[in-house]
Amino acid sequence: MSAIPLTAQGAQRLQVELHRLKTVERPDVINAIAEARAQGDLSENAEYDAARERQGFIEGRISELEGTLSNAQIIEPATLQADGRIVFGATVEIEDLESGNTVTYQIVGDVEADIRANKISISSPVARALIGKSEGDVVEVKAPAGIREYEIIGISYV
């Protein structure tokens, strides 16, 4: 399996989720299964079926997180020697040249991408267009809505 790029912050979030699943969620679902079994006939027991389904989800997520973390390549943006270029983990402020709106994104791995938190995947069209560019450059992004032009206003490595 190939290395999965993660920021240190993203890896920490995954470790916290894994710990919560193992120490809180897993024991809770085991207790729910035990309680449902105590009610008798399992063939018509909706609580038992729901608890088993939840257990399957939890175990699957634990397995997924363990696999991701075991193959993670942790990248600390603050320690990168990027010479003012946009690289993985960089936080970039860009301005849409058509609308004048500015937005700030951090370029992260696929696993930790979350547009609501302004974290975009390294494989997204915007991130691919930005990688390797410097402050002041104008980039064209081929997005589903058409070609958009952005000017790079600022770059930081937090």
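**Figure 1. Asn118 lies in the loop between strand E4 (102-108) and strand E5 (119-121).** The model is predicted. Asn118 is not a glycine, yet its phi is positive, at about 60 degrees. How exposed is Asn118? Its relative accessibility is 31%, so Asn118 counts as partly exposed; that class runs between the 20% limit for buried and the 50% limit for exposed.

**Figure 2. Asp83 sits in the loop between strand E2 (72-75) and strand E3 (91-96).** Here too the backbone angle is the point of interest. Phi of Asp83 is near 55 degrees, a positive value in a residue other than glycine. Is Asp83 buried or exposed? Asp83 counts as exposed, because its relative accessibility is 73% and the exposed class begins over 50%.

**Figure 3. Strands E6 and E7 are joined by a hairpin.** E6 covers residues 138-143 and E7 covers residues 146-156. The two strands pair in the antiparallel sense. How many bridges does the pairing run over? There are 6 bridges between E6 and E7. The hairpin connection takes 2 residues. Ala143 has Gly146 in E7 as its bridge partner.

**Figure 4. The fold contains 3 helices and 7 strands.** In sequence order the pattern is β-α-α-β-β-β-β-α-β-β. The radius of gyration is 22 Å, well over the 15 Å that the globule rule gives for 158 residues, so the protein is more spread out than a compact globule. The C-alpha trace spans about 70 × 35 × 25 Å along its principal axes. Contacts with a separation of 6 or more were also sorted by distance along the chain. Residues 24 or more positions apart account for 54% of them.

**Figure 5. Surface and charge are summarised for the whole protein.** What share of the 158 residues counts as buried? The buried share is 35%. The exposed area of the protein is about 9400 Å². Carbon and sulfur atoms supply 49% of that area. The protein carries 15 positive and 26 negative charges. How far apart are the mean positions of the two sets of charges? They are 4 Å apart.

Terms used. Residues numbered from 1 in each chain as written. Predicted model: local features only at pLDDT ≥ 70, side-chain atom pairs only at ≥ 80, totals over all residues. Heavy atoms only, no water. Pairing = 2+ DSSP bridges. Helix = DSSP H or I, 4+ residues; strand = E, 2+ residues; numbered from the N terminus. Rg over C-alpha atoms; globule rule 2.2 N^0.38 Å. Buried < 20%, exposed > 50% of the residue type's maximum accessible area, 1.4 Å probe, protein only. Contact = heavy atoms within 4.5 Å. Areas by Shrake-Rupley, 256 points an atom, 1.4 Å probe, with all protein chains shown as cover. Lys, Arg positive; Asp, Glu negative; His and termini not counted. Charge placed at Lys NZ, Arg CZ, Asp CG, Glu CD.
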